Amino acid sequence: MTSGWIDDDDLKEKKLDLRLWKSLLKYTLHYRQTSLLFLLVAFSAAGADLGFPIITGALISEIDRDISQVNIAWYAGAYMTLAIVLSVSICGFILCAGRIRTNVSHDIRRDAFEQLQRLSFSFFDKRPTGWLMARLTSDCQRLSVILAWGVMDLIWGSTLMIGISLVMLWYNWRVAIAVLAVVPVLFAVSMLFKKWILRTSRLVRRTNSRITGVYNEAIMGVRTTKTFVREEDNLKDFDRLTSEMYEHSVRNAVLSAVYLPIVLSLGSVAIASALVMGGNQVLASTLAIGEMVMFMYYAQMFFTPAQEISAWFAELQMAQASAERVLSLIESVPDIQDSDEVKQRLQTLGHDGHPDRLGVIEFRDVGFRYGDGPQIIQRFNLTVQPGETIALVGATGGGKSTVVNLLCRFYEPTSGEILIDGVDYRQRSLSWLQSNLGIVLQQPHLFSGTIADNIRYGRPESTEEEVIEAATLAGAHSFISEMNSGYDSQVGEGGTQLSLGQRQLISFARAVLKRPRLLVMDEATSSIDTETEKVIQESLARILQNRTSFVIAHRLSTIRSADRILVISQGEILEQGSHAELLKLRGDYYKLYTDQSIRDIDRIDSISLSDDDSADELNSPSPRTEKDHASLSPTVRERK
Amino acid sequence: MELESPKQPPSSLWALTQGNRLLYSAAIAVMALGMLFLLLVPFVLQQTLDRLRDGSATPTGTLVPAAAFLVTLNLLHGGFTYLRGRWSAQASEAVVQRLRRRLYAHIEALPARYYDTNSTGDIVQRCSSDVETVRAFMANHIVEIAKVALLLLIGLPILFSQDLKMGWISISLFPFIIGFGFYYFRRIHEIYQKVDEAEGALTTVLQENLTGVRVVRAFGQQEAEIEKFRGANAKFRDLEMDMFRTLSSYWPISDFLIFLQLGTVLVSGAYFAMTGAITVGTWIFFWWLTQTIIWPVRQIGRVVADAGRATVAMKRINEILGEPEESSEPEPEEPVSGEIVVRDLSFSYVAGEQVLNDISFSIAPGETVAIVGPPGAGKSTLMHLLVRLYDYSEGSITIGGTELNEINRHAVRSAFGVVMQDPFLYSRSVRDNMIIGKSHASEQDIKESALAADIHGNISDFKNGYQTIIGERGVTLSGGQRQRLAIARALLKHPTFLILDDSLSAVDTRTETQILKSLHARRGQQTTILIAHRLSTTRLADRIFVMDHGRIIQEGTHSELIEVDGPYQRLWTIQGVVEEEIQEALAEGSAQ
C-alpha cells in the first residue's frame with residue numbers, strides 16, 4: 001500500500017555523505033538500551049557462529065588421532081550449548097532490530113508529519129501529494145530498515161569476519177591467507193552486482209507502480225474510455241508498459257542468476273584453496289585433519305556476512321537520495337511561522353499580546369510573487385472596515401485568489417504589509433488568525449467520515465443542534481435529511497459519495513458553524529443550481545452581518561449584494577464600488593456582465609426573430625451591442 | 001441487461017502457464033542437472049579425507065585434482081543455476097504479462113454498471129497485489145518447490161547409498177523443520193494482513209491531510225491532525241512489532257532444529273566412525289551433504305505457506321475475470337446518425353428505485369436541446385442510456401430508425417461526443433488528452449477545437465504548451481480548465497451528436513459566452529444536448545426539456561416556457577431580477 005512514487009534520483013548512485021547518516025543514526029541511538037542489548041547479541045551470535053567449526057574440527061581431529069579416547073558426550077554438550085546460545089541470540093537479534101526498526105520509522109514519520117503541519121503553502125506548491133506521501137511511507141520504511149537491520153548486519157558481519165580471520169590466522173596463517181585471498185574479489189563482485197540489481201529492481205518497482213496507476217486510470221476513466229471508444233488504443237499503450245515490465249523484470253532476475261553462481265564459485269575456490277593448502281600441511285603433519293575441515297567450514301561461512309555487508313554498502317549508496325529528501329523535509333524551515341517575539345509573548349502571556357478583535361484590515365502597498373515567478377500583484381492598497389462584504393471579480397488569473405491567500409496568511413506579502421487593527425499581521429500569531437478564519441473553496445475538501453464530522457471540523461465540540469442549524473443556513477439540510485443515514489452518512493474518501501454541489505454546501509456549513517469573524521468564499525457556489533443558490537443567498541445575508549467577508553464569484557447573483565465589489569485584473573484594482581455604482585460607471589465591471597447578458601439576448605433575438613444562421617455575427621463581437629443598448633430585447637422589455 | 005460471458009473462462013494457476021510450460025520444464029531440467037553436480041561435492045571430500053588418512057594421498061595426485069574437481073562441480077552447478085534463473089524468469093514474467101493484459105482488456109470491457117457497485121481501490125488491489133502474489137508464485141515458489149523436491153529426490157538416494165542407518169539419522173528432524181515452518185508462516189500471514197491494513201489506514205490519514213492541507217490550516221486543526229496521525233502511526237508500529245515478535249520465535253526455533261539435526265549427524269557419525277562402521281570420510285560426507293540439503297528444506301514450509309496465498313489471490317482475480325462483459329453487436333455499415341426517438345422509456349439502476357419514468361421525446365438531426373432540472377432528476381442517466389453505458393429494458397430508443405440496443409456499442413459511441421459532469425482527464429500531455437477521440441487529428445484541427453472551447457489561451461500560457469503533462473506529476477488544472485479541455489476534445493471528434501452534461505458550471509461568464517458562440521457556429525452540423533443550470537446556456541437551445549423525478553415535465557422553446565407558470569418560469573424570475581437591474585442601469589445610463 002505504500003505510495004508508488006519513485007524519483008529518478010532513486011536510480012542513481014550517490015557519493016556517501018556521512019553527515020546525513022550521522023544525523024539519521026540519532027534516531028537509532030535514541031533507543032540506547034535496545035542498542036546496547038543489540039550490540040551484545042550481535043557479539044554473542046557471532047561468537048556462537050565462530051564456535052561450531054572449532055568444535056567440529058576438534059572432534060574430527062580427536063577421532064583421527066585416537067578413537068578410544070574421545071569423549072563424545074562432552075562434544076555433544078558443547079555443541080548443544082552453542083546451538084542454544086545462537087538461538088537465544090537470534091531471538092534477541094530479531095527483537096532488538098524489530099524494535100529499533102519499527103520505532104525509528106515511526107519517529108521519522110512522526111517528525112516529518114509534524115513538520116508538514118508547520119510548513120507553508122509555498123512548500124506544498126512545489127511538491128505534489130504523491131511525492132510527499134512517498135517520503136513518509138516508502139522512504140521512512142527504507143531508511144529505518146537500513147538504520148536497524150543494516151547497522152545490525154554490519155556489526156554482526158564484521159565481528160564474525162574479523163573473528164574468522166583471527167581464528168584462522170591463529171591456527172595456520174598460510175592456509176588462512178590462501179582462504180582470505182578470495183575475499184577482496186568477493187567484495188568487489190558483490191558491490192558491483194548488488195548495485196546493478198538494486199537499480200533494476202527499482203526500475204521494476206517504478207514500472208510496476210505505473211502499471212498500477214494505469215489500472216487505476218482505466219477504472220476511474222472507464223466511462224471516458226467507453227464514450228471515446230479508446231479501448232484498443234489504451235490496450236496498446238498498456239502492452240507497451242507491460243513489455244517494459246517484462247524487460248526490466250527479466251533483466252533483474254538474470255542479474256541475480258549471474259551473481260549467485262559467481263559468488264558460489266568464488267566460495268568453492270576458497271574451499272578448494274583450503275583443501276590444497278590444508279591437505280599439504282596435513283601430509284606434512286603440521287596441521288590436523290580436523291583443522292583442515294575447520295578451514296573449509298570457515299571458508300564457506302565467510303561468504304554470508306561478506307555478501308550481506310557489500311549488499312548494505314550498495315543499498316547505503318542507493319538510499320542516499322531517500323536520506324537527503326527525508327532530512328531536507330524534517331530540517332526545512334517554514335517560510336511562514338510565528339516570529340520569535342510572538343513565540344515569546346505566547347509563552348509568557350498565553351496570547352500574542354494584541355486585543356482579540358478583528359478590526360480594520362488594510363493592505364498597504366502589498367506586492368507578491370510566487371518564488372521567483374512573475375509579480376502577481378504590485379502595490380495593492382485596500383482598506384476594509386469591520387463587517388464589510390468585499391466581492392472580488394475579474395477574469396481567471398487576475399490575482400483574486402492571491403489577494404485572498406495573502407489575507408489568510410497562506411502566503412505573506414513579498415513587499416508592503418497587511419495590517420489588522422493597525423498591526424502588521426506578522427506581529428500576530430498564526431493560530432489567532434486561523435481561529436478567526438472561515439473558508440469555503442470551489443474544490444471543497446471533505447475528510448472521510450460522516451457528514452456531521454465534516455461540518456463539525458472547525459469546532460469539534462459543537463452540539464447536534466448547532467450542526468443542523470449550520471447545515472440549514474447553508475441550504476444543505478434538506479438533501480442531508482433525505483439521505484438514508486442523514487447526518488451520519490459516510491462521505492467517502494475525499495467526499496466522493498457526494499456530488500460537487502453537495503460537497504460545496506457541506507463545506508459552506510462547516511465554515512458557518514465555526515462562526516468566524518472573517519469569512520472567505522472562493523467560487524464557493526459554482527456547482528449549485530440557481531434555486532439552491534437563492535436559498536444560500538438569503539441565509540448568507542444574515543450570516544454575513546457583522547462579519548468581514550471576502551467573496552470570489554462569477555455569478556452576478558452571488559456578488560451583487562456585496563458592500564463593495566473590486567474588479568481585479570493583472571493584480572490591480574481597476575474599479576471598485578457597489579453593484580449599482582459600478583454599472584453606472586460603464587467600465588470593466590459593466591462589460592464583464594453586460595457582455596454576456598446583452599449579447600445573449602441579442603443572439604436569442606436573432607435566432608428567434610430571423611432564425612437564420614447568425615454564426616458570423618456571433619463570431620465577431622457584434623457592433624449591434626453597443627448601438628442597441630437602448631433598444632432592449634423584447635423578452636426583457638416585456639418583463640419590465 | 002445484455003451481457004456476454006468473457007471471451008476466456010477464468011483460469012486456474014495451472015492453466016495460466018499454458019504456452020510457457022516447455023520453458024518451465026527446461027528450467028526444471030537444468031535445475032536437476034545443476035543439483036546433481038552440487039550433490040557430488042561431498043564425495044570429493046569423502047575420498048580426499050579417506051586418502052589423507054590412509055596415507056595414499058599425494059599433493060599433485062590427490063589434492064590438486066580434488067580441488068579442481070570441486071571448483072568444476074561448482075562452476076557446472078553455477079552455469080545450470082544461471083540457465084534455470086533465466087528461463088524461469090522468462091516463463092513466469094510471460095505468464096504474468098498475459099494475465100495483466102487479460103485483466104486490463106477485461107476491465108475495459110466490463111459494463112459501467114459493474115463499477116457502480118465495486119470500489120476502484122478493491123479492483124486495483126486485485127490487479128496489483130493479487131497479481132504480484134501470483135507472480136511470486138510463478139517466479140519463485142514453483143521453482144523453490146521443484147528445487148526442494150529434486151533435492152530430496154536426488155539427495156536422499158545418494159544419502160542412503162552410503163549408509164542406511166546414518167541416512168535415517170540425517171533426515172530424522174526434517175518433518176519437524178518443514179511442518180514448523182508451514183505452521184508458522186500460515187500464522188504470520190494473518191499478522192501481515194493486519195499490518196497491511198494498518199499501513200493502509202496510515203496512508204489514508206496522510207493522504208487526506210495532504211490533500212486537505214488548506215482546510216486544516218484555515219480551520220486551525222493542525223493539533224487534531226497530529227493527534228489523528230499519531231494514533232495511526234503508533235498502531236502501525238505496534239502491529240509491525242507484533243510481526244517481529246512472532247518472527248523472533250520462529251527463526252531461533254527453526255535454527256535450533258537445524259543445528260540439532262547437524263549436531264546429531266556429527267555426534268552419531270563420530271560414534272559410528274569410532275566403532276568403525278563408517279570411515280571418517282563417510283562421516284564428513286554425511287555432515288556436509290546434510291548441510292547442503294537442510295537449508296533449502298527449511299525454506300519449504302514457508303514457501304508452501306506462501307504458495308497457499310496464490311490460490312486465494314487467483315480466486316480473487318477470477319472473480320473479476322468471471323464477470324460478464326458488455327455485449328458486442330455486429331458493426332453497422334453506415335455511421336450512426338439521424339433522429340433520436342425515445343418512446344415510453346423507463347429505467348432504474350436498482351430495482352424499485354425508478355430513475356426515469358415513461359419518457360418520450362424526439363430530437364431532430366441538427367437540433368439543439370437543453371435539459372434543466374434539479375439534481376437527481378435523471379438528466380445524466382438519460383445521457384448514459386443514449387451512449388449505451390447502460391442498457392434499458394423498458395421502452396425504446398431509436399437512432400435513425402434503428403433500435404439502439406441492436407447497434408454496436410462502439411458504433412454508437414463513435415457518433416457521440418460526450419462531456420461528462422466531472423470530466424476525467426488522463427495524466428498525459430494536453431495534446432494526448434485532446435486527441436483521444438481522434439488520434440490522427442491535424443495540429444490545425446486541434447488548435448481550432450481548443451479555440452472553440454476557449455482553452456487555447458491557457459494552454460499556450462503553459463511552459464510546454466500542448467505538450468504540458470497534466471495531473472499530479474504535471475500541471476494541476478482548475479475545474480473550469482478541466483471542463484473546457486473536455487469540451488475541446490469532444491469538439492475535436494466532430495461528433496454527430498454532442499452532449500454537454502453540466503459542463504460549463506465552473507467557467508466564468510465571459511468564457512461561457514465564448515463557448516456557446518462556438519457551439520452556435522456549429523449549429524445544424526450536429527445534434528446538441530446541453531444539461532445546464534444557467535439560463536444563459538439554455539436560451540441558446542431550440543427546445544428546452546425540464547426534468548424532475550424522472551419525467552419531462554415541461555417542453556418548449558425559451559420564449560414559450562417563460563410565459564407558462566412552472567419551474568422554468570421560476571428559474572427565469574430568479575435570474576431575471578439580475579437582468580432587470582442591469583437593464584435599469586443601462587436605461588439610466590443611456591438616458592444620461
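How many salt bridges does the rule find across the interface of chain A and chain B? In this predicted model, the count is six. One of the salt bridges between the chains joins the side chains of R101(B) and D239(A), with a distance of 2.9 Å from N to O. That distance satisfies the criterion applied here, under which a side-chain nitrogen of Lys or Arg must lie within 4 Å of a carboxyl oxygen of Asp or Glu.

The interface itself may be described by its contacts and by its area. On the side of chain A, 172 residues are in contact with chain B, and on the side of chain B, 164 residues take part. The size of an interface is often given as the accessible area lost when the parts come together. For chain A and chain B, about 16000 Å² is buried between them, and carbon and sulfur atoms account for 66% of it. Within chain A, the residues that lose the most area to chain B are Y215(A), R223(A) and F228(A); together they provide 5% of what that side buries.

Chain B carries a UniProt annotation. The unreviewed entry places the feature "domain: ABC transmembrane type-1" at residues 26-309 of this chain. In the model, residues 26-309 of chain B are 93% helix and 0% strand, and the C-alpha atoms at the two ends of the span lie 26 Å apart.

Chain A is divided into four parts: domain 1 covers 8-330, domain 2 combines 354-436 with 518-578, domain 3 covers 446-515, and domain 4 covers 594-639. The centres of domain 1 and domain 2 of chain A, taken over C-alpha atoms, are separated by 57 Å.

Chain A also contains an open sheet of six strands. Their order is β6-β7-β8-β3-β9-β10, and the pairing is mixed. At the edges stand β6 (437-441) and β10 (572-577) of chain A, each of which pairs on one side only. On average, neighbouring strands of this sheet are turned by 15 degrees against each other, direction ignored. Within the sheet, β7 (residues 518-522) and β8 (residues 548-552) of chain A run parallel and are joined by five bridges. In this pair, D522(A) stands opposite I552(A) of β8(A).

Two helices of chain A that pack on the sheet complete the description. Helix α14 (residues 400-407) touches β3 (389-393), β7, β8 and β9 (564-569) of chain A, and its direction makes about 150 degrees with that of β8(A). Helix α19 (residues 500-513) of chain A touches β6 and β7, and its direction makes about 175 degrees with that of β6(A).

Terms used:
Residues numbered from 1 in each chain as written. Chains lettered and ligands numbered in written order. Predicted model: local features only at pLDDT ≥ 70, side-chain atom pairs only at ≥ 80, totals over all residues. Heavy atoms only, no water. UniProt positions renumbered as here; feature names shortened; annotations may be inferred. Helix = DSSP H or I, 4+ residues; strand = E, 2+ residues; numbered from the N terminus. Pairing = 2+ DSSP bridges. Axes fitted to C-alpha atoms, helices over the stretch in contact; angles between N-to-C directions. Contact = heavy atoms within 4.5 Å. Domains from an automatic or database assignment. Buried area = accessible area lost by both parts, 1.4 Å probe.
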